[in-house]
Amino acid sequence: MTSSPTDPQPPENPLSPGQDALLGPSDIRELATALGVRPTKQRGQNFVIDANTVRRIIRTADVRPDDVVVEVGPGLGSLTLGLLETARHVTAVEIDDTLAAALPATVEARLPARAAHFALVHSDALRVTELPGPAPTALVANLPYNVAVPVLLHMLEHFPTIERTLVMVQSEVADRLAAAPGSKVYGVPSVKATWYAEVKRAGAIGRNVFWPAPNVDSGLVSLVRRDGPPATTATREQVFAVVDAAFAQRRKTLRAALSGWAGSAAAAEAALVAAGVSPQARGESLTVEEFAAIAEHTPAR
């Protein structure tokens, strides 16, 4: 692994005018063929093959020359190279053995002047709790669809220095993450993401910019970290336990849905009343602050 120098410097592109360090469709296929790589559904792999989309993602993410960016699931390096052109340092977390082994060589070949500003962590992102080099200030990633929400929440929990996040996820997941209370798709991802950040949809991505083209549309989600979690005496674990219980049976009233969490329907009602929340309300109508208020009355076990 390599870590970046401490002084932020504007990146330099070593390629001659007219050459593009970013990967195009033919570059992606050539790399994949050379490595014997076939994208797998098991790992939700869909590689970005359009350099303009990469640059759009980086603009939308507001990546700056002094940013230390962590990227999850870099694949063949499409987004990695774009991030390295702009950011001070990029750390990529890749679980796939073949892709992880190949990525440093791709960086060295395409952006040799920036190779010292790149680090690779060969690991499952859900197990990563520390990163080499300077603390990350931004998370930018094309997240594998099958683990997008768990990975996002894990990174926000374990890396509190991440101020800005932009992730590309399945469009329906983007809708759920950015949903407001009262929406039909408001649920566990919406509330938990809002615990950490202000969340909004930041655009749509077509299917034809990927190889292979997915069967679903994609969306960009922007998350800007709050100054701190909602003011509450409850722990994050206590708040999230209430959220999980409330949406496990989302058609039921909170009095019924929280009965298992509280130990009985009567105890759930007492906690709700103490928190100033109607026992007849449903989870989809509550803000993260209201969930936190309920969690403050977690029954003694």
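Buried, for a residue, means under 20% relative accessible area. Keep that cut-off handy for these exercises, and remember that the model is predicted.

**Exercise 1. Work out how helix 7 sits in the protein, and what covers it.**

Step 1: Find helix 7, which runs over residues 188-196.

Step 2: Pick out its buried residues. They are Pro-189, Ser-190, Val-191, Lys-192, Ala-193, Trp-195 and Tyr-196.

Step 3: Draw the conclusion. Seven of the nine residues are buried, so helix 7 is largely enclosed by the rest of the structure.

Step 4: Look for the cover. On the helical side, it includes helix 5 (148-158), helix 6 (171-178), helix 8 (236-248) and helix 12 (288-295). Strand 7 (197-205) and strand 9 (218-225) also take part.

**Exercise 2. Describe the protein as a whole: what is it built from, and how compact is it?**

Step 1: Count the elements. You should get 12 helices and nine strands.

Step 2: Check the radius of gyration. It comes to 21 Å, close to the 19 Å that the globule rule gives for 301 residues, so the protein is as compact as a globular protein of that length.

Step 3: Add the extents. The C-alpha trace spans about 70 × 40 × 30 Å along its principal axes.

Step 4: Split inside from outside. Of the 301 residues, 51% count as buried, while the protein exposes about 13,400 Å², with carbon and sulfur atoms supplying 50% of that area.

Step 5: See how the chain meets itself. Take the contacts with a separation of 6 or more: residues 24 or more positions apart account for 73% of them.

**Exercise 3. Find the largest nonpolar core and follow one of its residues, Leu-139.**

Step 1: Start with a rule of thumb. In soluble globular proteins, nonpolar side chains tend to be buried together.

Step 2: Locate the core. The largest one has 58 residues, and those with the most contacts inside it are Leu-139, Leu-143, Leu-223, Val-239, Leu-258, Phe-291 and Ile-294.

Step 3: Zoom in on Leu-139. Skipping neighbours within four places in sequence, its contacts include Val-70, Val-72, Leu-152, Met-155 and Ile-162. Arg-164, Thr-165, Leu-166 and Val-167 are in contact with Leu-139 as well.

Step 4: Don't stop there. A second, separate core of 42 residues includes Leu-22, Leu-23, Val-107 and Ile-205.

**Exercise 4. Is Thr-137 buried or exposed, and what does it touch?**

Step 1: Place Thr-137. You'll find it in the loop between strand 4 (118-122) and strand 5 (138-142).

Step 2: Apply the cut-off. Its relative accessibility is 17%, under 20%, so Thr-137 counts as buried.

Step 3: List its partners, leaving out residues up to four places away in sequence. Thr-137 touches Asp-67, Val-68, Thr-161, Ile-162, Glu-163 and Arg-164.

**Exercise 5. Take a look at the backbone at Asp-62 and at the bond joining Trp-211 and Pro-212.**

Step 1: Know the usual picture. Most residues other than glycine have a negative phi, and most peptide bonds are trans.

Step 2: Check Asp-62. Its phi is positive, about 55°, although it is not a glycine.

Step 3: Put Asp-62 in context. It lies in the loop between helix 2 (51-60) and strand 2 (68-72), and it is partly exposed, with a relative accessible area of 36%.

Step 4: Move to the bond. Trp-211 and Pro-212 are joined by a cis peptide bond, with omega about -10°. Pro-212 belongs to the loop between strand 8 (210-211) and strand 9.

Methods:
Residues numbered from 1 in each chain as written. Predicted model: local features only at pLDDT ≥ 70, side-chain atom pairs only at ≥ 80, totals over all residues. Heavy atoms only, no water. Buried < 20%, exposed > 50% of the residue type's maximum accessible area, 1.4 Å probe, protein only. Helix = DSSP H or I, 4+ residues; strand = E, 2+ residues; numbered from the N terminus. Contact = heavy atoms within 4.5 Å. Core = buried A, V, L, I, M, F, W, Y, C linked by side-chain atoms within 4.5 Å. Rg over C-alpha atoms; globule rule 2.2 N^0.38 Å. Areas by Shrake-Rupley, 256 points an atom, 1.4 Å probe, with all protein chains shown as cover.
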